Amino acid sequence: MSNKNLHEAKKAKNDEFYTQLPDIKKELCYYKSHFENKVVYCNCDTEDSNFVKYFRRQPVKELIVSNGIDFRSPESIELLKEADIVVTNPPFSLFREYIAQLIEYDKKFVIVGNMNAITYKEVFPLLKDNKIWLGVHNNQSFVFKTPYTNDLEANRKFCIQKGYTDPHYVKVPAINWYTNIDHAKRHEDIILFRTYYGNEESYSTYDNYNAINVDKIKDIPVDYEGLMGVPITFLNKYNPNQFELLGTSDNGLIDDKYKTFPGLTEVFVKDYYKSGGTGTYREGNPTAGHYVENVAKMVYKRLFIRNKMLKNDYPKYDNYNAIEVSKVKNIPSDYEGTMGVPITFLTKYNPDQFEICGTRRWFYDTSLGITNGKTIVNGKETYDRIFIKNKKLQG
Ligand SMILES: C[S@@+](CC[C@H](N)C(=O)[O-])C[C@H]1O[C@@H](n2cnc3c(N)ncnc32)[C@H](O)[C@@H]1O
């Protein structure tokens, strides 16, 4: 976009939300040591910006301010190359392009963005791969200065309560910080106190994802080893050592192997509208759907996570090309190969889900090993086993 277009965008006034100093200070104090003696670039700012005012008082090596030039212009890119860290509140309307540029030029950054950006297809893969994460304070209502007059009564009241009496201040909810600089909060575990086993009826399973639904972060069970769908605000508490982030129902950004159907089924969508559901949903949509007391319900954007602490390291048999799963509840949802499971598996067996390949005495697939009537792990014989494969994962 040329500078001319930037002026057009400015005229539309969509992106003119000026960040206030208390919000900047509250977050940036956690990265102080990273800014020291570094070249900081505020590339969506002018001299009036509170980011600029903040850094003028910090012991940085140099502060560069873009002063109105387009962040995509060659001029701004030259300045970006010189910078160590970029800190700003970029235009929300260009957030996707903005973050892609920071990644392309391999820059450290602390920037403001809204909650919805989590599931953008340009942003989510970066969060999933732990290349970026949320800052310390997220899901906050910020008060921004704007060129317009705020005539929303409740919104105005909120601003006044915060001390912003001028009518040009406006409250914007669900604001996050996005960064790739480490901070202590992302290494704190979420304390979990609910259990899944014994309370299975409190957690429904989705119709189209192989995962259980968890409506509130505090209800994440401590003992569930499979995939769980949680609200996107989970990311505010996410510790990558405790959980792994595997996908989102928004945009269907998840490996197909976790889907029980490619999307919402025709039957589910029909059931949904039959029971008075509203909105526009079609067969094949990635939205997560579940039945609650036999009523089909759509679930607002979910992140799919798995507890890393419960991730089993399944041993291989000495004499079979298969893994040993000693408890039926520990059967992994994503293992494509052959698994040896206790014979009690048969009480739960669903032939649409699993294929039985044999027992340890009888086996029809000789590529799996020698059938000598024993399943041995590290030289020790196990209890009786049945061999199974997950049908949905077979190519
Ligand atoms: C959300 S406001 C934040 C302003 C300032 N960074 C702050 O936090 O107070 C985003 C700013 O980016 C500017 N902007 C819009 N498009 C831009 C572009 N392509 N390159 C650089 N700045 C842009 C807007 O004019 C607006 O002032």
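Strands β16 (residues 339–342) and β20 run antiparallel and are joined by four bridges. Look across that pairing and you'll find Val341 standing opposite Ile386 of β20. Bear in mind from the start that this is a predicted model.

β20 also has a partner in β17. Strand β20 covers residues 385–390, and its pairing with β17 is antiparallel too, this time over five bridges. Two of the matched positions are easy to find: Glu355 has Lys389 of β20 as its bridge partner, and Phe354 has Asn390, again in β20.

Now step back to the sheet these strands belong to. Which strands form it, and in what order? Four of them make an open sheet that reads β15-β16-β20-β17, with mixed pairing. The edges are held by β15 (323–324) and β17 (354–359); each has a single partner strand, so one side of each is left without a neighbour in the sheet. As a rule of thumb for reading such a sheet, side chains in a regular strand alternate between the two faces.

**The chain as a whole**

The chain has 395 residues, and buried ones make up 30% of them. It holds nine helices and 20 strands. Along its principal axes, the C-alpha trace spans about 80 × 50 × 40 Å. Take the contacts between residues at least 6 apart in sequence: 63% of them join residues at least 24 apart.

The domain assignment splits the chain into domain 1 (3–187), domain 2 (200–309) and domain 3 (312–393). The centres of domain 1 and domain 2, taken over C-alpha atoms, are 31 Å apart. Where these two meet, domain 1 puts in 13 residues and domain 2 puts in 14. On the domain 1 side, helix α7 (residues 124–128) gives the largest share, with three residues. That side of domain 1 is a mix of five nonpolar, five polar and three charged residues.

**Around the ligand**

Which residues come nearest to the ligand? Of the 21 around it, the answer is Tyr18, Thr19, Cys44, Asn89 and Pro91. By type, the shell breaks down into eleven nonpolar, five polar and five charged residues. Helices α1 (3–12) and α4 (50–56) each supply at least two residues of this shell. The largest share, three residues, comes from α1.

**Helix α6, one side in**

Helix α6 runs over residues 95–104, and in it Phe95, Tyr98, Ile99 and Leu102 are buried. Why do they count as lying on the same side of α6? They cover an arc of only 90 degrees around the axis, which puts them there together. The spacing fits a general pattern: an α-helix has 3.6 residues a turn, so residues three or four places apart point the same way. Among the elements covering these buried residues of α6 are β3 (85–88) and β4 (108–114).

Glu104 lies in α6 as well. Is Glu104 buried or exposed? Glu104 has 10 C-beta neighbours inside 10 Å, so it counts as exposed. Another way to place this residue is by its distance from Lys61: the two are 43 residues apart along the chain, and their C-alpha atoms are separated by 23 Å.

**Positive phi angles**

Most residues other than glycine have a negative phi. A few spots in this chain go the other way, and here they are side by side.

| Residue | Phi | Where |
|---|---|---|
| Asn67 | about 50 degrees | loop between β2 (62–65) and α5 (74–82) |
| Asp106 | near 55 degrees | after α6 |
| Asn139 | near 50 degrees | loop between β5 (133–134) and β6 (140–145) |

How exposed are the two asparagines? Asn67 is partly exposed, with 13 other C-beta atoms within 10 Å. Asn139 has 14 C-beta neighbours inside 10 Å and so counts as partly exposed too. As for Asp106, its place in the chain is just as the table has it: Asp106 follows α6, the helix with Phe95, Tyr98, Ile99 and Leu102 buried.

Key: Residues numbered from 1 in each chain as written. Predicted model: local features only at pLDDT ≥ 70, side-chain atom pairs only at ≥ 80, totals over all residues. Pairing = 2+ DSSP bridges. Buried ≥ 20, exposed ≤ 12 C-beta atoms within 10 Å, placed from the backbone. Near = placed C-beta within 6 Å. Nonpolar A, V, L, I, M, F, W, Y, C, P; charged D, E, K, R; others polar. Domains from an automatic or database assignment. Contact = placed C-beta atoms within 7 Å. Arc of directions from axis to C-beta.
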